[in-house]
Amino acid sequence: MAETTPNHTQTVSEWAAHDSSGNITPYTFKRRENGVNDVSIEILYCGICQTDIHYVKNEWGITRYPVVPGHEIVGVVSKVGREVKGFKGGWCYDASEKDGG
């Protein structure tokens, strides 16, 4: 289970695998507040590739559950830390593009 500290105040809802069965179910947890070098993205769409499936099913023997698969995202930048360069709030972000935009 992920570490929780007093700084973990943002409640988020995702889809996660909790074991190697391959089932992905709704999952709510708390994450830390953004730092000065962080970007938050409201995810609108998410793709799951074969690598994600291998990881969810622990086929490589290295998965720590719960795991939220899906690194291929499209969304809108919702929060940008003050030290971040190259992202602006309101931008559409596509993980397949190098710079978003």
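## Threonine 63 and its neighbours

The side chain of T63 comes to 2.5 Å from the backbone oxygen of Y55. Bear in mind that this is a predicted model, so that distance is a computed one. Leaving aside residues up to four places away in sequence, T63 touches Y55 and N58.

Where along the chain does T63 lie? Look in the loop between α1 (50-56) and β4 (72-80). Loop or not, T63 is buried: its relative accessible area is 11%, and the cut-off for buried is under 20%. As for P26, which sits 37 residues away from T63 along the chain, the two C-alpha atoms are 18 Å apart.

## The overall build

Zooming out, how many helices and strands does the protein have? The tally is one helix and five strands. Reading from the N terminus, you go through β-β-β-α-β-β.

If you boxed up the C-alpha atoms along the principal axes, you'd need roughly 40 × 35 × 20 Å. The protein has 101 residues, and 21% of them count as buried; T63, at 11% relative accessible area, is buried too. Now take the contacts with a separation of 6 or more: 49% of them link residues 24 or more positions apart.

## Surface and charge

About 7,100 Å² of the protein is exposed, and carbon and sulfur atoms supply 51% of that area. On the charge side, there are 10 positive and 13 negative charges. Work out the mean position of each set and the two points end up 8 Å apart.

## The cysteines

What about disulfides? A disulfide is a covalent bond between the sulfur atoms of two cysteines. Searching the whole structure turns up zero of them. C46 is in no disulfide, and the nearest cysteine sulfur to it, that of C49, is 9.4 Å away.

Why is C49 not bonded to C46? Because the closest cysteine sulfur to that of C49, the one in C46, is 9.4 Å off, which is too far for a bond. For a disulfide to be called, the two sulfur atoms would have to be within 2.5 Å.

Are these two cysteines buried or exposed? C46 counts as partly exposed, because its relative accessibility is 42% and that class runs between 20% and 50%. C49 has a relative accessible area of 18%, so C49 is buried.

Technical notes: Residues numbered from 1 in each chain as written. Predicted model: local features only at pLDDT ≥ 70, side-chain atom pairs only at ≥ 80, totals over all residues. Heavy atoms only, no water. Helix = DSSP H or I, 4+ residues; strand = E, 2+ residues; numbered from the N terminus. Buried < 20%, exposed > 50% of the residue type's maximum accessible area, 1.4 Å probe, protein only. Contact = heavy atoms within 4.5 Å. Polar contact = N/O pair within 3.5 Å; in protein donor to acceptor, adjacent residues only side chain to side chain. Areas by Shrake-Rupley, 256 points an atom, 1.4 Å probe, with all protein chains shown as cover. Lys, Arg positive; Asp, Glu negative; His and termini not counted. Charge placed at Lys NZ, Arg CZ, Asp CG, Glu CD.
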